[in-house]
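Good morning, colleagues. Thank you for the opportunity to present at this meeting. Please take a moment to look at the model before I begin.

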Amino acid sequence: MMRLWGRLAFLFFLGLGVRSLSLPQAFRGGNVHFLGNDGWYQMRRIEFAARHNLALPDPDPYLNYPEGGRSHWGPLFSQGIALTSTLLGVDPQNRHALETFAAWVPAVLGALCVLVAYGIGALLLGPPIGLAAGILVAILPAHVEYSLLGNLDHHVAESLLFGLASLLILRLRGLKKSAGTWLWSREEFVWTAAGGAVLWLLFLLLPSVAAMYAGLLWVVCLGETVRGGRLWPIFALPALLLIPSALSSLQAAGEVQRFSAVPRWLMFEQFSFFQPLLLAFCAVALKLIEELEATRRADAPAASGPRLARLSVYAVGCGALAVLLAWPVAAGLQGVLRGSLWIKYIGEYHPLLMPYADPVLNFSFAFKMCSYLFPAFPFLYYWIGVKEKDPFVWIWPLLLFVLVMLQLRYIYLFAYPLALLIAAAAVRLSRERPGWKALIAIALLIVLWPCGRWLWSLSAGSPFRYPTLSDQDYAMLQTLGQKSPPTVGYDNASERPEYGVLAPWGLGHAVVYLARRPVVADPFGHGVEKEARYYTAQTPAQALAVLRENRARYVVGEDVSNPFLGRIYADVLALPETHPLRRGQWDRLFQMRLLASLPVLGPDGKPSAWGHKLLYRSPEGQASLYEFTDLGALPAATPSKPKASSFRPSRIPSPAQPARPVPQPVKPVPPTSPIVASIGDKGRVSEKDLADFIAAESCYGSDALNSRKAGFMRMLETAIMEEVMRREAGLELTKADYEKEGQRIDRETRAPEILECVKKYFTEDGRGRYERVFLRKNMIAGPFHRFLQFDPKVQKQAYNIRDQVLAKSRQGESFVDLAAELKIGYSTRTYTLEEPREDKKEYIKERAAAPSPTLRWSPFEKQFIEDHLKALAPGQMKPEPVDSYDIQFFRLLSNDDGRYRFESLRIDKKNIRDYFSSIPKLRCAIKDPELKEWIRGIPGNPMLSALDLE
């Protein structure tokens, strides 16, 4: 027994240690960086469940904005982590602690999978083979990749539960069947109940894929039943347990988009009666086979009394269930096989030997994940099968091999039989040829060499198939969360957010979790066509129409000159070959012009053009964020219920003609309006302010931001900025300022009907109310941000460092030494005037060696060279720094063949969060209890952190 526990401990910690090699990538800069895309939305669900008694946001208003959407995931993974974290005392309000706990979960589950591999091998072929199989699963990239620390996704949980179910089936077949047809021994009952419970958990994890797993396990159980096993209860138990889920999901099922028009109570993507009926069919079919085998072995006539009745009932039941299931099963197979244009470009849905979008055989991926023995798998399968003569050895590995050849995502399941057969071959051969042990060991090292190289590159921090969110994108999303007004619905899925964010679908989940903002497009496939329409637009009118239709207030820049990305957008929209995207004419695309240059300055000094105001651009220019300031021209939209998740992009509705806006009546407010909140010395928010805001916003149509909370937040933030500017900068808005702003809006508005509607409401109250409620916030925001960004007192520390850099660099001190001495950012880059087309290998090698490497060329590089580097000689520094949202110095290192290699220093300025945390608090008294509690519960808004709530 001690030897067994020693083996298990060794295997567990070996598996955990290997899966922890990604620790430097997952934990860096004081933040948790989950691998891939889905981990961010898993974290959103985990956080929600931990804070709301295991409830999940379903449907989620932050997906597929403005309609809302559903994920196709089951509840088990998110709720299981949330429940475990709560039991272990992790504070759900402490985001970093919860993220850290969740990041370790896949590594721990992966280590448990190693123990499962040992159990399967030991039960099937003996403990030595089980130990070898466990060691191989611990190190095979085929399994490690999906269970790395930080790879927060349900794949590793699928692997664990499927492996456990297989292990329990093996354990059951070793038990002697008790006498009688319906009776079990205690041990048989325990193991049968455990197998059924594991299968039930597998359906709770992912209902659509679990149906396929149940089918695979049913085929395995079919062979065991023919041999006299009693395995039908493993399927009967979860069939009963899933009935409550099916009943509770009937209403929700009607809102979910489906591959075909199957009845909603039989749909397969979400919980319905499809799952319990499928499991019931498996149970009844196995029971029918068991009865037929018992009749054959007992040599009893099938027509004898009770036996004939039972056989008839089972046969009729199988037939009826098969007829019921034929429609959804056929529809599901059709949807999976056909897929969609969007799914075509997701690697995990491709066959193992064609892991990329191009249908070309490629063995390199299989070698890297599965070792050089992969092509020999059929021979190992045949050799071990002949030696063992065990139906399980014949059926189980073959099913998983076929599965991974269809879709490489199931490679984490294939790791089990692959490790088992390699281990069996090595152990059997060493027993048959004792003198060959050293030779066999050397051969194993050779065939496992690709796996070793993969693990070594992982330990060295090299990129792999699940890259973390780049530091640039992370900083950009933090900026989005800080500089955009909060939206409702993040902690209450019944509320509808006020606006959305248009970002590349791959960033969608990170936007939802990190910035807490709703997205138009996300990795579930929602909104991909909408996103593609914007990023492939040739004119500003085409691009702005997409933003207005979807009420997108913020936009993440995307470099569509990337060939792979360009192909996705071109195929999704079926663009003609003459389209600039297909012909590589990037300068004709609106988004690329936006990235390359923004010649017009916005009201707060940030570059702006075509209604896009630049809020953030990374030093390398690869990440950019814009605020769309033309919300006033948004057409009215018809409110709709949240739609559900789909595996493929939804169709884009044709935009409706905007109705002429009419101000909506509001509840009358007494002439002497009560004060809702007082801020600082002069700041006030009254009931009249809120009523005016709601009435004026109603002119924007049914999608207006006209809730009482939205109005209060707007007026509160305005008062905070006014009080800070009055106290810290001695600035107050004048009558002339209001006149100038009013004239500008009259002159530049693109929605005269809406503006006319707003003015009509304020006719009775005069100009003063119009200015206070409608003009004031935008007027104070510009001066406030200019003050924050450029005031010498606010940015005293940054400007002191700037002066030191100027003085010391003129004395000949190097950028590297200055960065170390002053603790500021240092980086080197190579930019070119055009995308390199020759000698690419050297260029790619140089780019990959840089911090935060990126291989994509953007027209921004050309613009950057012309603005900052072209006038410099090698070794010369740009005389003056670039003073914007940070302070940057540039020095040209070399200019060879049009490649401008330069180094830069970056001094971070005090941001809005740091500023508000450094100034004296503003006294704030909120008299409305509901609004006060709402404000207290809003995390992350830096302006609210400046308040001293009484």
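**Cores and a four-stranded sheet**

Let me start with Tyr-213, which, leaving aside its neighbours within four places in sequence, is in contact with Glu-158, Phe-162, Leu-202, Tyr-410, Tyr-412 and Leu-413. I should say at once that this is a predicted model.

Tyr-213 also belongs to the largest nonpolar core, which has 195 residues. Together with Phe-235, Leu-352, Trp-396, Ile-411 and Tyr-534, Tyr-213 is among the residues that touch the most other members of that core. Which helix gives this core its largest share? That is helix α20, residues 411-432, with 15 residues. There is also a second, separate core of 36 residues, and its members include Ile-679, Ile-919, Cys-924 and Ile-935.

I turn now to the sheet. Four strands form an open sheet in the order β11-β14-β13-β12, and their pairing is antiparallel. The edge strands, each pairing on one side only, are β11 (825-832) and β12 (882-883). In general, the strands of a sheet pair through backbone hydrogen bonds. Here, β11 and β14 (residues 899-908) run antiparallel and are joined by eight bridges. Within this pair, Thr-830 has Arg-901 of β14 opposite.

Finally, which helices meet the sheet? Helix α35, residues 796-810, packs on the sheet and touches β12, β13 (886-896) and β14. The direction of α35 makes about 30 degrees with that of β13. Helix α38, residues 859-869, lies across β11, β12, β13 and β14, and runs at about 110 degrees to β11.

Technical notes
Residues numbered from 1 in each chain as written. Predicted model: local features only at pLDDT ≥ 70, side-chain atom pairs only at ≥ 80, totals over all residues. Heavy atoms only, no water. Pairing = 2+ DSSP bridges. Helix = DSSP H or I, 4+ residues; strand = E, 2+ residues; numbered from the N terminus. Contact = heavy atoms within 4.5 Å. Axes fitted to C-alpha atoms, helices over the stretch in contact; angles between N-to-C directions. Core = buried A, V, L, I, M, F, W, Y, C linked by side-chain atoms within 4.5 Å. Buried < 20%, exposed > 50% of the residue type's maximum accessible area, 1.4 Å probe, protein only.
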